[in-house]
Amino acid sequence: MTVVDSCVQGCGANLFNLAPASGKVEILKADIGEPDCIAPALAGVPIIFNLAGEISHIHSMLYPERDLEINTLSQMRFLEACIRLSPGARVVYAGTRQVYGAPQYLPVDELHPVNPVDFNGVHKYAATMYHLMFSRSGDLDAVVLRLTNVYGPRMALDVPCQGFLSNYIRKSLAAARLQVFGDGSQLRDPAYVDDVVEAMLAAGAAQRLQSREYNVGGPEALSLSQIAAICTDAGGMEPPEYREFPPDRKQIDIGSYYTDSSRIGRELGWTPKVRFEEGIRMTLNYYRECLPHYLPPGLTEPECKLRHILTQKGSYRLSPT
Ligand SMILES: NC(=O)c1ccc[n+]([C@@H]2O[C@H](COP(=O)([O-])OP(=O)(O)OC[C@H]3O[C@@H](n4cnc5c(N)ncnc54)[C@H](O)[C@@H]3O)[C@@H](O)[C@H]2O)c1
């Protein structure tokens, strides 16, 4: 098995995450949008887990062309290479609930209209459609999982703008007070990373797919206030502070969201198991043991210390200074 990652600056790559698999996987540092570089890893492969992408909605609004390149152009080139080198391969794509935009009803099922509110959602939707298009033509056998907010060990805590859960985990580790935007009544259904891995494996292993799109959510819908309270208890902080949404967040806010995961339950036998309280406890325990691999000393508030250094292709790196 080969892991391909180009370690894009501003995304979450961390070689330490692969240490437990040392000796069992090959690691290829390459861009999936460069077929010549990835050809050795791709030829004749029956199952491909396609998680390459940029997750930050804020980053996508700051640098839309960068997001377009990572989440759309690279994906198109990658899928064309898959067709050439591993025709008919099962491709399990990590899509996002962000494609739905602000929900028109809850819980959100796969029939919900698509109406993304930011570049990330638009670009991820285009990539979703590439997967479906190449499956319709019989060139690939792809399946798209639309993931809700995922959390757990091994997130890139040193990268800012990775979503509120990353922020809450970082602050909980530093026992720093959380901020809740709005009145705290917004709903989310965080999914623990192990559950999401199980969903991806189920989608990879299914003999014959009944559907090509599955929503993947967490086991419970919680308000932001409840999520903040659980983190606050686990981190031993004072109660959260409630604030107005900052304008850049408000612009791309989707209101309440939680997932109807019943299709994947019915067809692939997957259900989320890890409740948030348990998941956050396991997450904080993990980071307490390995924190220096994720958060260099002095970088507890990357948002404050963030400097975007534009490099070629509009990408940037995070500077701890
Ligand atoms: N984390 C979430 O809450 C969440 C929610 C919905 C969807 N997703 C999707 O799941 C996938 C994985 O997310 P994650 O949280 O693990 O993010 P992550 O940033 O930790 O991992 C993504 C990896 O993709 C790599 N990458 C990006 N473009 C690449 C390219 N062209 N070639 C090779 N490698 C490339 C990055 O270097 C990074 O290591 C993403 O596609 C994301 O859109 C994540």
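Let me start at L145, which, setting aside its neighbours within four places in sequence, is in contact with V92, A94, G95, A199, M200, A203, Y214 and V216. Please keep in mind throughout that this is a predicted model. L145 also stands out in the largest nonpolar core, a group of 53 residues, where C82, L145, A199, A203 and V216 touch the most other members. There is, in addition, a second and separate core of 9 residues, and Y100, Y125, Y257 and Y258 are included in it.

Now to the sheet. It is open and built from 4 strands, running in the order β3-β4-β5-β10 with parallel pairing. At the edges we find β3, residues 47-50, and β10, residues 213-216, each of which pairs on one side only, and from one strand to the next the twist averages 20°. Within this arrangement, β4 and β5, the latter covering residues 141-147, are paired in the parallel sense over 7 bridges, and if you look at V91, you will see that its bridge partner in β5 is A142. Packed on the sheet is helix α4, residues 119-136, which touches β4 and β5 and whose direction makes about 155° with that of β5.

That leaves the ligand. Which residues are closest to it? Of the 25 residues that surround the ligand, the closest are C11, G12, A13, G53 and A94. As for the elements involved, α3, residues 64-85, and β4, residues 90-96, each supply at least two residues of this shell. In character, the shell divides into 14 nonpolar, 8 polar and 3 charged residues. I would end on A94, which is among the residues closest to the ligand and is also in contact with L145, where we began.

Notes
Residues numbered from 1 in each chain as written. Predicted model: local features only at pLDDT ≥ 70, side-chain atom pairs only at ≥ 80, totals over all residues. Near = placed C-beta within 6 Å. Nonpolar A, V, L, I, M, F, W, Y, C, P; charged D, E, K, R; others polar. Pairing = 2+ DSSP bridges. Axes fitted to C-alpha atoms, helices over the stretch in contact; angles between N-to-C directions. Contact = placed C-beta atoms within 7 Å. Core = buried A, V, L, I, M, F, W, Y, C linked by C-beta atoms within 7 Å. Buried ≥ 20, exposed ≤ 12 C-beta atoms within 10 Å, placed from the backbone.
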